[in-house]
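Please work through the exercises below with the sequence and the structure at hand, and try each task before reading its solution.

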Amino acid sequence: MTESSSNPTTAPSVDLGIGGMTCASCVGRVERALRKVPGVQDASVNLALERAHVTFDPASTSAADIDAILRRAVRNAGYEPRSVAEQDAQEADADSPWAGFLPVGIGIVLSLPLVLPMLGDFFGKHWMLPPLAQFLLAAPVQFILGARFYKAGWHALKALTGNMDLLVAIGTSAGFGLSLWLWLTAPQGHTPHLYFEASAVVITLVLLGKWLEARAKRQTTTAIRALHALRPDVAHLIGRDGEVDVPIAEVMAGDQLVVRPGERIPVDGTLLEGHTQVDESMLTGEPLPVVREEGAKLTGGSINGDGRIVMQVSAVGSETVLARIIRLVEDAQAAKAPIQRLVDKVSSVFVPAVLVIALLTFVGWMWTGAGLEASLIHAVAVLVIACPCALGLATPAAIMAGTGVAAKHGILIKDAEALEIAHRVDTVAFDKTGTLTVGQPRLVAFHVEPSLDEAATLATIASVQSGSEHPLARAVTQAASERGITIVAPEGVRAVPGRGTEGEVAGRSVLIGSLRWMQELNVDLGALAATARELQEQGATVSAVAERRTSGLVAIALMGFGDEPKPGAREALAALREKGVRCVMISGDNRGAAHAMARRLGLDPDKDEVMAEVLPGDKAAAIGQLQQGGHTVAMVGDGVNDAPALAAADVGMAMGNGTDVAMHAAGITLMRGDPQLVGAALDISHRTVRKIRQNLFWAFAYNVAGIPLAALGFLSPVVAGAAMALSSVSVMTNALLLKRWQPGDRSK
């Protein structure tokens, strides 16, 4: 079991592995058992992962006791509690394609002699085995290989619920018991037609279906296992006695590590010595290595290129980017999509309804005079074909495959609800700076009052901006550095959110910010006003500088900043519009600059595809405007300021490296700053939801068609057992087709 809490304001949660679940009815039973535990706020069980996610109130149940209490509840419900670590170890041991096949193989060996005489009848051959031989072959299948069905079915019966195991146990026991009765009551010298082969073959087919299903499940979790495999076991620590190898668990923040060429970077850190190229494809989906120089950030799990480097550790364990990625993907795969809740409600009444239908089938055939033998066989066929395995697997199998392949290509889907909602998105709002543009503006124009020295004024402005991380502030300090201007420490610096900065340098008090702020402060730009208009018309982002004097605030300078569209941004927007998605750019820039950049990106300001002069705090309100009329809106942003808008949108998409606040506010994180990943995220959502609907359709259609056919006598128990096993396998196989998806794939 693992315990986590994403932040102090949310309830702590635990994950618990559960063995023995076979269908959607089992899921409902385990959830009800866990929710009855005092202090448990909610419990969600995933059949495909065989795992429960439980949130609890720490005030009423201590974290130390919750493990034992939840395990006891699961065991009392008739299932096997396991730790997540145990489950992962079992999956690792089951990597062989034939793992777990032994019971199936034994069932096939014992059932074949029972089936072959049936095949001989087609050719006029009578190979029927003596009743005793049939009994000796069928009994081990029924009571040894089939013991799991009796055990789980008995627990379900005690809980006054039903599941797949109960249906199989009742159906096969009825067939076996009927055969035994016909054999023992047959007249001397007469060999009756027995149904031992039906019971044995049904159990063998169900076991075969479960084995194939387990194989498919292991394939859906390959993405998670591949991410876990990115963690090396050993790091090369630089200690007092030189370089020593230590287990990765002993590495601490602040340590210095050596990473040799071709090795995986063990944890997150900063490059201290050397330069190299790093392959981050397994984390970001970016196929090309990226250059890393001294001072650059390094991400654990990526592969060092051809340079020996020394790094300083900044994060270890659960705080690394890789650990956060794994946690996000695991949470998404374990979560339930809204559509699955409807399926669970249907499944809760499904098995009791099937038992009633089977009883009615038996009574109906008896009433028509078909006799006990035929009536019982038709009822058994109904019980066997109606097992709701496929219903329980339809949604989680598709979600696991979809989120897994998305993670492989740098798209982290935080929860199943975001995945389901994303396919309905008809409007995408993009933050401008850093999302659609490179986000590294340059100072392209600098105008000062004629009476002032340009270099001295730039030195004052750069000094005030020196402590800020704002992109425009960095552009000013970079321009000053390039001109060889000395920057001094400012005093009394104060940031005014959404407007600018003010501070003092060498006795001069200056304010640096947007033209809107200057208007609010009643600053007269004088002769600089015309220059500001010209710069805006050229598409520059304009900031003004005012100095506080005894006479009041006086404008002393104008700065024009230029940014460039990201490579591929125009094409990404065009591709979204081709799919009928409306694209809108939200910017804090003045209208002229925003419109100029929008045109470079292929957006049309005349069609309301640009929202300019939007303060960071007003972005959430802008999203609300776009949602009017029932539109489903996705917001794409890359910074802390975008977090409220990301949370307000129907689907938030954060661009980043997994460490930003935006990542926690967004339902989807794009691990590299490529706008084309937005269309890819919507595409994988479409395809995953389509797979869910296909799976649910076939699962329901199979039962809707199969139950009447079995009740009317058109299906034998053997055919019903084969069809039931095939339904589960087909659902898993259909979901696995998602693994072939590639961003930009236009196939349907």
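**Exercise 1.** Locate Arg 260 in this predicted model, decide whether Arg 260 is buried, partly exposed or exposed, and find which residues Arg 260 is in contact with beyond its neighbours within four places in sequence.

*Solution.* Begin with the position along the chain: Arg 260 sits in the loop that runs between strand E8 (256-259) and strand E9 (268-273). Next, take the relative accessible area, which is 34% for Arg 260; because partly exposed covers values between 20% and 50%, Arg 260 counts as partly exposed. Then list the contacts, setting aside the neighbours within four places in sequence: they are His 236, Glu 243, Asn 304 and Gly 307. With one of these residues, Glu 243, the side chain of Arg 260 makes a polar contact of 2.6 Å. Finally, compare sequence with space: Gly 305 is 45 residues away from Arg 260 in sequence, while their C-alpha atoms are 8.4 Å apart.

**Exercise 2.** Classify the aromatic pair of Phe 176 and Phe 196, and state where its two members lie.

*Solution.* The model has 8 aromatic pairs. In the pair of Phe 176 and Phe 196, the ring centres are 5.0 Å apart and the planes stand at 65°; since an angle over 60 degrees counts as edge-to-face, this pair is edge-to-face. Phe 176 belongs to helix H7 (residues 164-185) and Phe 196 to helix H8 (residues 196-220), so that the pair links distant parts of the chain, 20 residues apart. Both Phe 176 and Phe 196 are buried, and both belong to one aromatic cluster that also includes Phe 135, Phe 143, Tyr 150 and Trp 183.

Definitions and conventions:
Residues are numbered from 1 along each chain as its sequence is written. This is a predicted model: local features need pLDDT of at least 70, side-chain atom pairs count only at pLDDT 80 or more; totals for chains, interfaces and linings use all residues. Side-chain values use heavy atoms; hydrogens and water are left out. Helices (H or I, at least four residues) and strands (E, at least two) are DSSP runs, numbered from the N terminus. Buried means under 20% relative accessible area, exposed over 50%, partly exposed in between (1.4 Å probe, protein chains only). Contact means heavy atoms within 4.5 Å. A polar contact is a pair of N or O atoms within 3.5 Å; within protein, one must be able to donate a hydrogen and the other to accept it, and residues adjacent in sequence count only if both atoms are side-chain atoms. Rings of Phe, Tyr and Trp (its six-membered ring) pair if their centres lie within 6.5 Å; planes under 30 degrees apart count as stacked, over 60 as edge-to-face and the rest as tilted.
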